[in-house]
Amino acid sequence: MRSVHVGIAGAGLVGRTLAWRLLRAGCRVTLFDKDPADSTASASMVAAAMLSPMAELAVADAVVFDLGQRSMALWPAWIEELQGADPIANAQPVYFRQNGTLVLAHGQDLSSLTHFTRILEHKLPMASRPQLVQVDGAGVAALEPALAGRFQQGLHLLGEGQVCNAQWMAALKRVLRNQGVQWHAGFDVDALRPNTISAGAQQYAFDAVVDARGVGSKADLPGLRGVRGEVLRVQCGGVRLNRPVRLMHPRYQLYVAPRPDDTFVVGATQLESEDSGPVTLRSMLELGSALYSLHPAFGEARVQQMSAALRPALDNDQPFCALRDGVWHINGLYRHGYLCAPALVDSLARQLLESMQ
Ligand SMILES: Cc1cc2nc3c(=O)[nH]c(=O)nc-3n(C[C@H](O)[C@H](O)[C@H](O)COP(=O)(O)OP(=O)(O)OC[C@H]3O[C@@H](n4cnc5c(N)ncnc54)[C@H](O)[C@@H]3O)c2cc1C
């Protein structure tokens, strides 16, 4: 039987992951992206890629929590599967940890931690409540010896995780290319119609087309907006963390997500702005000083990178994944792209394949 040929516009987290799942299901896939394949500009490349269904529930709906829970079950299996197909997986494995998240606050900000805990107690389904564990100073020290004596209270969110986005995206790129996906880099897709993708004067025909252009789909998806986010990437040999730490603060919240080689992702600002320009001095100071307040050894951290990108978000801040006027859309993953992508991609791949039967 002739295999289904799918055209996907956008090679961010969503486009690449979907391309791989469709390939696994026997489809032919062609990817288009306006940027070079090694670009680091997309939200997917800038993200901290924490997998925090519970911590995010404080600002998200049950829909996101459920997608997150389903994705948490898929992540380890998908990473193993992708690495099995990646010829250099041994040299460049995808970093993935599931040691939970530790939420902390300095003494003067303890009311923010109490409020956060109450929101989660209120919103979490009963079955997940045992995953919310309050710890005292000794508990903080046991989980994170580097922070011993610095915090008297904390909240441990069991089972939450993190993935290294750069490694996941790079492994997908290698596997897709090795397995024959046509990757049109530097192709600015200006229109998607049923069965056709247009880039400049060229038109490409497919059995099905998917729009995964993130904020780039604005003209075609009513209500889509970009939400600016900024992160710092630092290297610091003086502090060792076993899991992402979130620091509550009345004005801005900070997270520090450890990565291999003594590096940390520190984020993130959230600004209702579609300015994707470089990180501002104010954001750099806020993120940097909050990091320094977590542990003074971070004062010697080397700043490796400061990046900004736009999170694609819809009015209800929930993902959108559906067939609309003959074009499949998967978008609006907002601040939960890594958290929700496996469940959403899995669902879209199934629906698309069923529609082809
Ligand atoms: C600072 C920051 C921190 C984050 N932290 C987390 C986190 O900890 N956990 C989490 O789960 N999520 C996090 N996110 C959110 C997550 O990064 C996004 O939800 C996710 O990356 C969205 O993926 P996407 O593929 O839909 O969009 P994008 O990553 O924006 O990818 C869209 C792709 O489409 C391409 N494109 C756009 N227009 C066109 C066009 N006209 N033609 C062709 N190609 C086009 C772009 O070049 C890009 O490659 C964070 C985001 C930011 C910015």
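**Exercise 1. The sheet.** In this predicted model, determine the strand order of the open sheet formed by six strands, and find which strands stand at its edges.

*Solution.*
- Step 1. The order is β9-β2-β1-β13-β20-β19, with mixed pairing.
- Step 2. β9 (182–185) and β19 each have a single partner strand, so one side of each lacks a neighbour in the sheet. These two strands are the edges.
- Step 3. From one strand to the next, the twist averages 15°.
- Step 4. Now add the helix. α9 packs on the sheet and touches β13 (208–211), β19 and β20. The direction of α9 makes about 175° with that of β20.

**Exercise 2. One strand pair.** State how strands β1 and β2 run, and how many bridges join them.

*Solution.*
- Step 1. Recall the general rule: strands of a sheet pair through backbone hydrogen bonds, either parallel or antiparallel.
- Step 2. β1 covers residues 5–9 and β2 covers residues 28–33. They run parallel, joined by five bridges.
- Step 3. Take one bridge as an example. His5 has Arg28 as its bridge partner in β2.

**Exercise 3. His156.** Decide whether His156 is buried or exposed, then list its contacts beyond four places in sequence.

*Solution.*
- Step 1. Locate the residue. His156 sits in strand β7, residues 153–157.
- Step 2. Apply the cut-off: buried means 20 or more other C-beta atoms within 10 Å. His156 has 21 such neighbours, so it is buried.
- Step 3. Leave out neighbours within four places in sequence. The contacts of His156 are then Gly100, Leu102, Val133, Val135 and Leu143.
- Step 4. Check a distance. Val327 is 171 residues from His156 in sequence, and their C-alpha atoms are 42 Å apart.

**Exercise 4. Backbone exceptions.** Examine phi at Asp325 and at Tyr334, and omega for the peptide bond from Gly267 to Ala268.

*Solution.*
- Step 1. Set the expectation. Most residues other than glycine have a negative phi, and most peptide bonds are trans.
- Step 2. Asp325 has a positive phi, near 50°. Its place is the loop between β19 (320–324) and β20 (327–331). Asp325 has 9 other C-beta atoms within 10 Å, so it is exposed.
- Step 3. Tyr334 also has a positive phi, near 50°. Tyr334 lies in the loop between β20 and α9 (337–355). With 25 C-beta neighbours inside 10 Å, Tyr334 is buried.
- Step 4. The bond from Gly267 to Ala268 is cis, with omega near -25°. Ala268 belongs to the loop between β17 (263–267) and α8 (281–294).

Conventions:
Residues are numbered from 1 along each chain as its sequence is written. This is a predicted model: local features need pLDDT of at least 70, side-chain atom pairs count only at pLDDT 80 or more; totals for chains, interfaces and linings use all residues. Helices (H or I, at least four residues) and strands (E, at least two) are DSSP runs, numbered from the N terminus. A residue is buried if 20 or more other C-beta atoms lie within 10 Å of its own, exposed if 12 or fewer, and partly exposed in between; C-beta atoms are placed from the backbone. Two residues are in contact if their C-beta atoms, placed from the backbone, lie within 7 Å. Two strands pair if DSSP finds at least two bridges between them. Axes are lines fitted to C-alpha atoms, for helices over the stretch in contact, and angles run from 0 to 180 degrees between N-to-C directions.
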